[in-house]
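Reader: I have the coordinates open and want to see the reasoning behind the labels. Can you walk me through it?

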There are 2 protein chains.
Amino acid sequence: MEYYSKYINQLIEEFAKLPGVGAKSAQRLAFHILNLPEEQVSHFADTVVKAKANVRYCKKCFTLTDDELCPICRSDRRNQKVIMVVENTRDLAAYEKTGKFDGVYHVLHGAISPTLGIGPGDIRLKELMERLRDDVDEVIISTNSSVEGEATALYISKLIKPTGIKVSRIASGVPVGGDLEYIDEVTLLRALEGRTDM
Amino acid sequence: MEYYSKYINQLIEEFAKLPGVGAKSAQRLAFHILNLPEEQVSHFADTVVKAKANVRYCKKCFTLTDDELCPICRSDRRNQKVIMVVENTRDLAAYEKTGKFDGVYHVLHGAISPTLGIGPGDIRLKELMERLRDDVDEVIISTNSSVEGEATALYISKLIKPTGIKVSRIASGVPVGGDLEYIDEVTLLRALEGRTDM
């Protein structure tokens, strides 16, 4: 793009590398940055570098944190004997927003996917099994209800069963407020199978 | 958000300040950055800072560039006597992509908008009038076909008329490939008014 200067093009290219940012949005973001005061721009850049430098994985649950142990693994108000297994830190955040789960987490950083070449050794499964040597009451598997998430859930439950620790899977069904006529058949069947007495 | 570390929260906040980036996307962008290798992250931050430090306005047409004059104003393959007036650098880029315009530009950096409190003195209008002292054949007004864009076009044409320089306005009508039934009435009327003989 000859009509933009070298620096603008480089900036647009950098933004276009981000997930969910197309060519048009990258351009928009680049011009937004160029129109900001210099100190705001360097603050933005600093925040990016500092976050990357200071954030690491929690030694226990592998969520992203800036200490050896994350605030949840350190907390004595959390039940350290109930472990919820999630695919990533965003899923952990989603549960934390409910404010109703008082156990701890284990972040797999992915799900088993033969098509993407992601095997059990590529996610934090070994580390989960190591945690089960401690006193654990229950493992709640909260992987996504996608093909990969279900496969991962099944794989983990089979690994844990022999230890005698209780393994559960979050319910799958019609979302609250969901209109039945717009919900896919697989979800409807799941909702039917998972029905509970009233 | 207690469940994220301080640095992650700061990073999410920075991304959420960008235009068109909501809370969910900001989170997604932040985690994407945190999962990149350190050198890619610092390269991203460097590009942002460098672009801001090196990009300025072209002395002549006020597009964003990294030199005193932009490549278009410097080019002897461009007709410096035909000036297209646009609202911003992205509009200039849109015309450059067509590859069919061989004149030069003048970037207003906005449009007159009484509701937003933007008057003729807040956009690069004075600088446009100064350029007209040189030998200019035509000024093509390519502001948006919004209320503000139209008002700006009218204002500029009235300013230029007394100089005797030709002023034109880009055509407004049905977009190519547009389905008539989905096009608003104002556009349809414009298309009708602007009809040409076949």
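**Labels and their reasons**

Author: Sure, and keep in mind that this is a predicted model. Start with helix H1 (residues 6-16) of chain A, where A:Tyr7, A:Ile8, A:Asn9, A:Leu11, A:Ile12, A:Glu14 and A:Phe15 are buried. Those buried residues pack against helix H2 (23-34) of chain A, and also against helix H3 (38-54) and strand E2 (64-65) of chain B.

Reader: And A:Ser75, why does that residue count as buried?

Author: The relative accessibility of A:Ser75 is 15%, and buried means under 20%, so A:Ser75 counts as buried. You'll find A:Ser75 in the loop between helix H4 (71-74) and strand E3 (79-86) of chain A.

Reader: What makes the link between the side chain of A:Ser75 and the backbone nitrogen of A:Arg77 a polar contact?

Author: The A:Ser75 side chain reaches that nitrogen at 3.0 Å. A polar contact needs a pair of N or O atoms within 3.5 Å, so the 3.0 Å pair qualifies.

Reader: Over to the two chains. How are H3 of chain A and H1 of chain B arranged?

Author: Two packed helices are described by the angle between their axes and the distance between the axes. Here, the axes of H3 (residues 38-54) of chain A and H1 (residues 6-16) of chain B come within 9 Å and cross at roughly 150 degrees. The crossing of H3(A) past H1(B) is left-handed.

Reader: Which residues meet there?

Author: From H3(A) you have A:His43, A:Phe44, A:Thr47, A:Val48, A:Lys50, A:Ala51 and A:Asn54, and they meet B:Tyr7, B:Gln10, B:Leu11, B:Glu14 and B:Phe15 of H1(B). Sorted by class, that contact has 6 nonpolar, 4 polar and 2 charged residues.

Reader: Now the sheet. Why are E4 and E6 of chain A called edge strands?

Author: The sheet is open, with 4 strands in the order E4-E3-E5-E6 (chain A) and parallel pairing. Strand E4 (103-107) and strand E6 (166-169) each pair on one side only, and that makes them the edge strands. On average, neighbouring strands are turned by 25 degrees against each other, direction ignored.

Reader: How do you know that E3(A) and E5(A) pair?

Author: Pairing takes at least two bridges, and 4 bridges join E3(A) to strand E5 (residues 138-141), so the two strands pair. As one example, A:Val82 has A:Glu138 in E5(A) as its bridge partner.

Reader: What packs on this sheet?

Author: Helix H5 (residues 89-98) of chain A does, touching E3 and E4 and making about 160 degrees with the direction of E4(A). Helix H7 (residues 147-160) of chain A lies across E3, E5 and E6, at about 170 degrees to E6(A).

Terms used. Residues are numbered from 1 along each chain as its sequence is written. Chains are lettered from A and ligands numbered from 1 in the order in which they are written. This is a predicted model: local features need pLDDT of at least 70, side-chain atom pairs count only at pLDDT 80 or more; totals for chains, interfaces and linings use all residues. Side-chain values use heavy atoms; hydrogens and water are left out. Buried means under 20% relative accessible area, exposed over 50%, partly exposed in between (1.4 Å probe, protein chains only). A polar contact is a pair of N or O atoms within 3.5 Å; within protein, one must be able to donate a hydrogen and the other to accept it, and residues adjacent in sequence count only if both atoms are side-chain atoms. Axes are lines fitted to C-alpha atoms, for helices over the stretch in contact, and angles run from 0 to 180 degrees between N-to-C directions. A crossing is left-handed if the near helix is turned anticlockwise from the far one by less than a right angle, and right-handed if clockwise. Contact means heavy atoms within 4.5 Å. Ala, Val, Leu, Ile, Met, Phe, Trp, Tyr, Cys and Pro count as nonpolar, Asp, Glu, Lys and Arg as charged, and the others, Gly among them, as polar.
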